[in-house]
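Visitor: Hi! Could you walk me through this model?

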Amino acid sequence: MNTDITSALRPAIVMTILFAVLLGLVYPLAMTGIGQTIFPHQANGSLVQVGGRVIGSEVVGQAFVSDRYFQTRPSAAGKGYDGLASSGSNLGPTSQALADRVKADVAKRRAEGVMGDVPADLVTASGSGLDPDLSPEAALAQAARIARVRGLGVERVRALVVARTEGSVLGDPHVNVLALNRALDATPAR
């Protein structure tokens, strides 16, 4: 009886240790090595640098607080775009806290000059809270404010949004807010 338990336990322990080493060390190190070799830009966070200084990431949203820039969607990640606290808010459609926050965001967008229907992604957070993209409609809704603050023609700002809109095979068209704001900074005033 004792030898039956020992003969059954030994392979179980050996396999547990083997798979812990393979899947806990070897596989992650191999994937990290492959990622760093084949896709170093993506493996390191798709960071955007200007003059040797990191200004953001292509795949992680960030807050733009100046009226001179296109604003991103609200973030539910920590205190706003905190990569260490990436998550949704867990507020459901019947939540009064969510309704109050959305109502306040709609009022804020109206004060900024957004007319007509306010695009949902200007007043609701994404699932991760770190979405770097907006719908073209959400970006276009901000064009009048950007044009007024920067002294540009509204059509010029709208053309910039259209030029930066990316199509997607599986998803909806979107605009990367960091890329759009960088293009906006490169656009001279009249």
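Guide: Sure, we'll look at how some of the helices pack.

Visitor: Anything to know before we start?
Guide: This is a predicted model, where local features need pLDDT of at least 70, side-chain atom pairs count only at pLDDT 80 or more, and totals for chains, interfaces and linings use all residues. Residues are numbered from 1 along each chain as its sequence is written, and side-chain values use heavy atoms, leaving out hydrogens and water.

Visitor: At what angle do helix 6 and helix 7 cross?
Guide: Roughly 135°, and their axes come within 10 Å (helices are DSSP runs of H or I, at least four residues, numbered from the N terminus; axes are lines fitted to C-alpha atoms over the stretch in contact, with angles from 0 to 180 degrees between N-to-C directions). Helix 6 covers residues 154–164 and helix 7 covers residues 177–185.

Visitor: What do we call that arrangement of helix 6 and helix 7?
Guide: The two are oblique (not under 35 degrees, over 145, or 65 to 115).

Visitor: Which residues meet there?
Guide: From helix 6, L160, V161 and R164 touch A179, L180, A183 and L184 of helix 7 (contact is heavy atoms within 4.5 Å). That contact has six nonpolar residues, no polar ones and one charged (Asp, Glu, Lys and Arg count as charged; Ala, Val, Leu, Ile, Met, Phe, Trp, Tyr, Cys and Pro as nonpolar; the others, Gly among them, as polar).

Visitor: And how do helix 5 and helix 6 cross?
Guide: At roughly 125°, with the axes of helix 5 (residues 143–150) and helix 6 coming within 8 Å. Helix 5 and helix 6 are therefore oblique to each other as well.

Visitor: Which residues make the contact of helix 5 and helix 6?
Guide: Helix 5 brings A143, A144, I146 and A147, while helix 6 brings V154, V157 and R158. By class, the contact of helix 5 with helix 6 has six nonpolar, no polar and one charged.
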